[in-house]
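I opened this notebook to keep track of what I looked up, one topic at a time. The entries start with charged pairs and move on to the overall form.

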Amino acid sequence: MKWRVILEPDIKTGDWAIWCPELPGCTSAGETEEEALENIKEAIQLYFQPESIELAPGARQPLW
């Protein structure tokens with residue numbers, strides 16, 4: 001699956017900021033364009049990775 005990303009240089013530091021507008025909070029950065037692109041690939045993978053939740057003793061899981 002392909003996702004649109006926005007890549008912008010930081011004029012002050014020379015680093016690159018990158019984010020995926022369709023995935024709220026999915027952002028990354030890198031010292032080079034290539035590094036930023038690799039980092040956002042990892043960020044997108046992590047965005048979709050299921051998060052395990054530890055329940056307290058006696059708690060019930062949601063029905064949905």
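I looked first at Arg4, which forms a salt bridge with Glu22, the closest N and O atoms being 2.8 Å apart; the term stands for a side-chain nitrogen of Lys or Arg within 4 Å of a carboxyl oxygen of Asp or Glu. The pair links distant parts of the chain, 18 residues apart, with Arg4 in the segment before strand S1 (6–9) and Glu22 in the loop between strand S2 (16–19) and S3. I noted that helices (H or I, at least four residues) and strands (E, at least two) are DSSP runs, numbered from the N terminus.

This is a predicted model, in which local features need pLDDT of at least 70 and side-chain atom pairs count only at pLDDT 80 or more, while totals for chains, interfaces and linings use all residues. Residues are numbered from 1 along each chain as its sequence is written, and side-chain values use heavy atoms, with hydrogens and water left out.

Are Arg4 and Glu22 buried or exposed? Arg4 counts as partly exposed because its relative accessibility is 49%, and Glu22 is partly exposed too, with a relative accessible area of 39%. Buried means under 20% relative accessible area, exposed over 50%, and partly exposed in between (1.4 Å probe, protein chains only).

How many salt bridges does a search of the whole structure find? I found two, and Lys41 with Glu38 is one of them, the closest N and O atoms being 3.3 Å apart. Lys41 and Glu38 are separated by about one helical turn, because they are three residues apart in helix H1. Lys41 is partly exposed at 48%, and Glu38 is partly exposed at 47%.

Next I looked up a patch of negative charge on the surface, where Asp10, Asp15, Glu31 and Glu35 gather. Such patches are made of residues with over 30% relative accessible area and no salt bridge, like charges being joined within 9 Å and nonpolar side chains (Val, Leu, Ile, Met, Phe, Trp, Tyr) within 5 Å. Glu31 has its place in the loop between strand S3 (27–30) and helix H1 (33–48), and it counts as exposed because its relative accessibility is 60%.

I then turned to the whole protein chain, which has one helix and three strands and follows the pattern β-β-β-α along the sequence. Its radius of gyration is 17 Å, whereas a compact globule of 64 residues would have one near 11 Å; the value is taken over C-alpha atoms, and the globule rule is 2.2 Å times the number of residues to the power 0.38. The C-alpha trace spans about 55 × 25 × 15 Å along its principal axes, and buried residues make up 14% of the 64 residues.

My last entry concerns Pro57, which lies in the segment after H1 and counts as exposed at 85% relative accessibility. The C-alpha atoms of Pro57 and Glu35 are separated by 43 Å, the two residues being 22 residues apart along the chain.

Definitions and conventions: Accessible areas come from the Shrake-Rupley method with a 1.4 Å probe; for residues, only the protein chains shown count as cover. Lys and Arg count as positive and Asp and Glu as negative; His and the chain ends are not counted. The place of a charge is taken as NZ of Lys, CZ of Arg, CG of Asp or CD of Glu.
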